[in-house]
Amino acid sequence: MNSNVIRRILVDLARSYPSQYHQVYLNTLQNQQVRTLTVVHGQIDQLPQKVKDFVEECVELCCPDKLHICDGSEEENNNLIKVLADKGVINQVTKLENCWLARTNPKDTARVEAKTFICTEEKHDAVPRSKPGVQSKLGHWLSPDDMDKAVAELFTGCMKGRTMFLLPYSMGPIGSPLSKIGIQLTDSEYVVLSMRIMTRMGQAVMKHLGNNDFVKCLHSVGTPKSERHENPLWPCDPERTMIMHRPDCNEIVSYGSGYGGNSLLGKKCFALRIGSTIAKREGWLAEHMLISGFTRPDGCKFYITAAFPSQCGKTNLAMMTPTLKGYKVECVGDDIAWMRFDKEGVLRAINPENGFFGVAPGTNHESNPIAMETVKKDTIFTNVASTSDGGVYWEGLEKEVDLTHLKICDWLGYEWTPGSKNLSSHGNSRFCSPAVNCPILDHAWEAPEGVPVSAILFGGRRPEGVPLVYEALNWKHGVFVGASIRSEATSAAEFKGKTIMHDPFAMRPFFGYNFGKYIEHWLSMEKKSQKLPKIFHVNWFRKGKDGKFLWPGFGDNARVIEWIMRRCAGEDVAIETPIGWIPKPGTLHIEGLNPTPNMEELLKIDKKFFLDELTEIEKYFDENLTTDLPQAMRDEIKAQRERLSK
Ligand code: OXD
Ligand code: MN
């Protein structure tokens, strides 16, 4: 991204492909001659030198008309809300307090995994060696040259006529030894508003930064040709969207999309992709996990972290209202955990985020009453439906919103009637709410040292074969369980249909480096000095022969967590099976459940199913990791097959 490099690339491109690139080159030179930049907010001279250098480089490249250095204040936020509301980009949800609804371009509604790249000198540092002829499903690599070319081509002059916003932000509580700082440059006001919710953003972060290093984040919604605009209120460039990460320089560059997962660069790009590479270097873990605290009636409290693929209920579990009497759940985070062993060998976790970017459809007072409370104020909704009485609506609210006499506008802005064959809201529509609005936020959620983790859960949507809960036999086996996660596809990314996808550690879209090395990193946590949490696999989604869920889920999942807590406390409530430990009959509390769940069916382990599962997992590893698969994983497959074949 160095401007000389970019100039050189443009010259090269113009020479090699005169018709295609010559104009870009000329425009760039011209931009450089005529460009003027007005700083409309903040003072560029007061920026730390490294930040100033970064901004100047990006200004030279993107050619914005104005620069706004964000201070993160309420006043700034209100002004930006007004700008967007005046333009009609967001509309006030008057029934709620300080809540807003944005409708995106229909082509910009989810993460785009196929257009997300990790850029390293050596391809092997980013993605494992796959079998010849097999397109790796564990990330996409880009060479530094190709990234430089893409950046030059996409970003040159892309902010002309627009304002560039500079956002200093902290992932994790400002000043915590576990936190990290990023600087995002963006041309989207929606991104500024959302980043202020999802991260600690503003002046306090800049003060703390001093002249230290930070993750460089450049984002633009892009400059499509006018005919590509389907929704002029939501500029984006879906055909050319690219999300690029350069772990060796702690750099993120995102072009063409305003959708959260692609544009709020603190979240998936920094906290997971770049975060996992920093974590590898520094000896800790950056994971796609919720963090929550469970307190028993006797006052004993355990924290768990849980990795489920997108849209498998992390937010619901993190904010659960337990149906078991006397139990309490408190939320630390619903999506990302940064975890590190402390001096005493205890694994401690912080939530690097400051808010929730949750999936709206399916959220209601039954599935997640706490989320319903959380979204009542200071929330930005995206791609849900609106009602004529100033409210919002999505699939899942049928039983609690009376739509009689109301007019409904669907997520596209068209009139919608209940029962219509189209959905009112996009399957990946979201709420973006500050964590402090969550009524069950854990008192230690911002503890700089993090909370102690007793158990790590893995899971996914598995309608068939996979029991409600099982405990891994040991750490290595637990790493194998994490590496083997499979789940039904959801609408968080571009995939369609109900296929069962591999999603190792629920991190498949978020690995910042070679997955083989990632497994090794997890295995390396097994040290004498470190007290390892127990590892479990849970599946709330098993179905019976009638196609109905066998387990009620939601608040009743507390019953499973209660069993997990008893295992963490060393209680003898489990029996060993070939795939791990499952609850001894009668030890998982199901009293009061009506109908009584079929526990036999829920915990059944069909050896044939698991042998087939093992064959599928081995095939996946062989095709996608080949020689990068650590021997320990091959040993686990062999041992599990032997146990199943007895
Ligand atoms: C998310 C996701 O947005 O995982 O959290 O897609
Ligand atoms: Mn997520």
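Okay, let me start with a tyrosine. Tyr259 has a relative accessibility of 4%, so it counts as buried. Keep in mind that this is a predicted model.

What does Tyr259 pair with? Its aromatic partner is Phe357, and the pair is tilted, with 5.9 Å centre to centre and 55 degrees between the planes. Phe357 is buried too, at a relative accessible area of 7%. Now, Tyr259 sits in the loop between β12 (251–255) and α9 (260–263), while Phe357 is in strand β19 (residues 355–359), so this pair ties together parts that are 98 residues apart in sequence.

Here's another tilted pair: Phe515 with Tyr518, at 5.8 Å centre to centre and 35 degrees between the planes. This one is within a single element, since both residues lie in helix α14 (residues 515–523), three residues apart, or about one turn of the helix. Both of them are buried. They also belong to an aromatic cluster, together with Phe458, Trp475, Phe505, Phe511, Tyr513 and Trp522. If you search the whole structure, you get 24 aromatic pairs.

Right, on to His288. You'll find it in the loop between β13 (285–287) and β14 (290–295). Is His288 buried or exposed? Its relative accessibility is 1%, so it counts as buried. As for what its side chain is doing, there's a polar contact with the side chain of Lys314 at 3.1 Å, and the side chain also reaches the backbone oxygen of Ala506 at 2.7 Å. Leaving aside neighbours within four places in sequence, the contacts of His288 include Leu272, Phe308, Pro309, Met507 and Phe510. Lys268, Ser310 and Asp335 are also among them, and you'll hear those three names again in a second. One more distance while we're here: from His288 to Ala271 is 9.0 Å, C-alpha to C-alpha, with their positions 17 residues apart in sequence.

So, the ligand. Which residues are closest to ligand 1? Nine residues surround it, and the closest are Arg111, Lys268, Ser310, Asp335 and Arg430. By class, that shell has five charged, two polar and two nonpolar residues.

Let's go through some distances to ligand oxygens. For Ser310, a polar side-chain atom is 2.5 Å from an oxygen atom of ligand 1. For Arg111, the corresponding distance is 3.0 Å. And for Asp335, a side-chain N or O atom is 3.2 Å from an oxygen of the ligand. On its own, ligand 1 has 210 Å² of accessible area, and the protein covers 96% of that.

That's my tour, thanks.

Key:
Residues numbered from 1 in each chain as written. Chains lettered and ligands numbered in written order. Predicted model: local features only at pLDDT ≥ 70, side-chain atom pairs only at ≥ 80, totals over all residues. Heavy atoms only, no water. Helix = DSSP H or I, 4+ residues; strand = E, 2+ residues; numbered from the N terminus. Buried < 20%, exposed > 50% of the residue type's maximum accessible area, 1.4 Å probe, protein only. Contact = heavy atoms within 4.5 Å. Polar contact = N/O pair within 3.5 Å; in protein donor to acceptor, adjacent residues only side chain to side chain. Near = heavy atom within 4 Å. Areas by Shrake-Rupley, 256 points an atom, 1.4 Å probe, with all protein chains shown as cover. Nonpolar A, V, L, I, M, F, W, Y, C, P; charged D, E, K, R; others polar. Phe/Tyr/Trp six-rings, centres within 6.5 Å; stacked < 30°, edge-to-face > 60°.
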